[in-house]
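Trainee: Good morning. Could we go through this structure together, one part at a time?
Mentor: Certainly; please have the sequence and the 3D view open as we talk.

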Amino acid sequence: MKLLVTGGAGFIGSAVVRLAVARGHSVVNLDALTYAACLENVASVADHPLYAFEQADIRDRAALTRIFDRHQPDAVMHLAAESHVDRSIDGPGDFISTNVAGTYELLEAARAYWQAKGRPESFRFHHISTDEVFGSLGATGQFTEETPYDPRSPYSASKAASDHLVQAWHHTYGLPVVMTNCSNNYGPYHFPEKLIPVVILNALAGKPLPIYGDGSNVRDWLYVEDHADALLLVLEKGTLGRSYNIGGENERSNLDLVRTLCAILDDLRPKDQGSYADQITFVTDRPGHDARYAIDPTRIRDELGWRPSVTVEEGLRRTVEWYLANEGWWRALQSRDGVGERLGVRA
Ligand SMILES: NC(=O)c1ccc[n+]([C@@H]2O[C@H](COP(=O)([O-])OP(=O)(O)OC[C@H]3O[C@@H](n4cnc5c(N)ncnc54)[C@H](O)[C@@H]3O)[C@@H](O)[C@H]2O)c1
């Protein structure tokens, strides 16, 4: 299959690109190269004959049309987005513009291309989204595909809007779509402004490990390479027009997660004295911080037979090992705008 992957220089998109090429798919990586992008993430496939890169913005319809015409993809996997909740609190405009208007432009470019080809049913537009569109859970329960949307941050509202656009393009125009909503990802190449890399890198630098509020917020963690595997499975086997929730059933409070990372670091790179956990510091909470997310993955498990391959303990260990072995990658990103600063407290 020839895949047009948007956002393939980001964290999850690059895992999809690497896996798809390894599985013999042709991949066109379309990315605007924002502050969150890093072409190093796809360096391992950069010279591969199955790989091509197009620097373009999904808000630029003319560029999208040119790229569809030039590459003639069989499917689109749409991951390009502004993705950091804290940045969406400080500046929601980019989130509306890229995640909502950009998705609209991509849908329209894809629809024109698909119609011109005679509306093949084998074409796929796979929209990649987040569990954050479902809002915040109490102590019990899980998000299913039937959970009503209740987004609460500018980021999740913009993703919810894009999900609705994709559904509408399927119902109104018949565009062959599949959709996925995934829980929090972690793993190699995670941009150093997100919780897990921040904790690892601050720990190594002897800096405070910031925990928002009391650390009781719960997230359901999935290793990024398992997410990429699930995405390719949904693309190839998912039922047309259907959405699939993807999660690892690995709920952890933020405080537990940070303590686990500290224990792994204590083991792999012990400090001269004490534990990395001594650096844990509680800071002002994020405004509107959702209490708990948890995914019910029954549909993708029962219909498509998908299961994550890595436990959270194993995945976190692999992640810490990767950051210890790849200092050159993360050092280069630490000077990017806003990285290392506390964002999203202005509300
Ligand atoms: N990170 C998570 O835990 C998570 C969980 C579920 C779903 N998602 C979704 O998965 C997708 C990828 O997330 P991520 O964490 O890899 O994000 P990321 O921020 O690491 O990467 C986003 C990529 O999109 C590109 N991009 C941004 N705006 C663009 C534009 N206007 N035109 C073209 N490219 C643009 C960036 O340059 C970057 O390479 C997003 O749609 C996100 O909503 C993320």
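**A conversation about the model**

Mentor: The residues of the shell around the ligand divide into 14 nonpolar, twelve polar and five charged. Please keep in mind that this is a predicted model.

Trainee: How many residues surround the ligand, and which are the closest?
Mentor: The ligand is surrounded by 31 residues, and the closest are Gly7, Gly10, Ala32, Ala37 and Ala81. The elements that contribute two or more residues to this shell are helix 1 (11-22), helix 4 (93-116), strand 5 and strand 7 (184-186).

Trainee: What does the UniProt annotation cover?
Mentor: According to the UniProt record, an unreviewed entry, residues 4-319 carry the annotation "domain: NAD(P)-binding". Over that range the chain is 41% helix and 17% strand, with the end C-alpha atoms 28 Å apart.

Trainee: Let us turn to the sheets. What is the strand order in the open sheet of seven strands?
Mentor: The order is 3-2-1-4-5-6-10, and the pairing is parallel. Strand 3 (51-55) and strand 10 (243-246) each have a single partner strand, so each edge strand has one side without a neighbour in the sheet. From one strand to the next, the twist averages 20 degrees.

Trainee: What holds paired strands together, in general?
Mentor: Strands of a sheet pair through backbone hydrogen bonds, in either the parallel or the antiparallel sense.

Trainee: How many bridges are there between strand 5 and strand 6?
Mentor: Strand 5 (residues 124-130) and strand 6 (residues 177-182) pair over six bridges, in the parallel sense. Thr130 stands opposite Cys182 in strand 6, and Ile128 stands opposite Thr180.

Trainee: How many residues of strand 6 are buried?
Mentor: Six of the six are buried, so strand 6 is largely enclosed by the rest of the structure. On one side the buried residues are Val177, Met179 and Asn181, and on the other they are Val178, Thr180 and Cys182.

Trainee: Which strands does helix 2 lie across?
Mentor: Helix 2 (residues 61-71) lies across strand 1 (2-6), strand 2 (26-31) and strand 3, and it runs at about 170 degrees to strand 2.

Trainee: And the open sheet of three strands: what is its order?
Mentor: Its order is 7-9-11, with mixed pairing. Strand 7 and strand 11 (251-253) stand at its edges with a single partner strand each, so one side of each has no neighbour in the sheet. The twist here averages 50 degrees from one strand to the next.

Trainee: Do strands 9 and 11 run parallel or antiparallel?
Mentor: Strand 9 (residues 218-223) and strand 11 run antiparallel, joined by three bridges. Asp220 stands opposite Glu251 in strand 11. Helix 7 (residues 224-237) lies across strand 7 and strand 9, at about 70 degrees to strand 9.

Trainee: Which way do the side chains of strand 8 point?
Mentor: They alternate: Leu209 and Ile211 point to one face and are buried, whereas Pro210 and Tyr212 point to the other and are not. In a regular strand, side chains alternate between the two faces of the sheet. Strand 8 pairs with strand 12 (residues 280-283) in the parallel sense over four bridges, and the bridge partner of Ile211 is Phe282.

Trainee: Which residues of helix 6 are buried, please?
Mentor: In helix 6 (residues 195-205), the buried residues are Ile196, Pro197, Val199, Ile200, Leu201 and Ala203. Those residues pack against strand 7, strand 8 (209-212), helix 8 (254-268), helix 10 (312-325) and helix 11 (327-333). Just after helix 6, Gly206 takes a positive phi of about 75 degrees.

Trainee: What is the usual sign of phi, positive or negative?
Mentor: Most residues other than glycine have a negative phi. In this model, phi of Leu33 is near 60 degrees, and phi of Tyr189 is near 70 degrees.

Trainee: Where are Leu33 and Tyr189?
Mentor: Leu33 lies in the loop between strand 2 and strand 3, and Tyr189 is in the loop between strand 7 and helix 6. Leu33 has 14 C-beta neighbours inside 10 Å, so it counts as partly exposed. Tyr189 has 25 C-beta neighbours inside 10 Å and therefore counts as buried.

Terms used:
Residues are numbered from 1 along each chain as its sequence is written. This is a predicted model: local features need pLDDT of at least 70, side-chain atom pairs count only at pLDDT 80 or more; totals for chains, interfaces and linings use all residues. Two strands pair if DSSP finds at least two bridges between them. Axes are lines fitted to C-alpha atoms, for helices over the stretch in contact, and angles run from 0 to 180 degrees between N-to-C directions. Two residues are in contact if their C-beta atoms, placed from the backbone, lie within 7 Å. A residue is near a molecule or strand if its C-beta atom, placed from the backbone, lies within 6 Å of it. Ala, Val, Leu, Ile, Met, Phe, Trp, Tyr, Cys and Pro count as nonpolar, Asp, Glu, Lys and Arg as charged, and the others, Gly among them, as polar. UniProt positions are given in the numbering used here, feature names are shortened, and annotations may be inferred rather than shown by experiment. A residue is buried if 20 or more other C-beta atoms lie within 10 Å of its own, exposed if 12 or fewer, and partly exposed in between; C-beta atoms are placed from the backbone.
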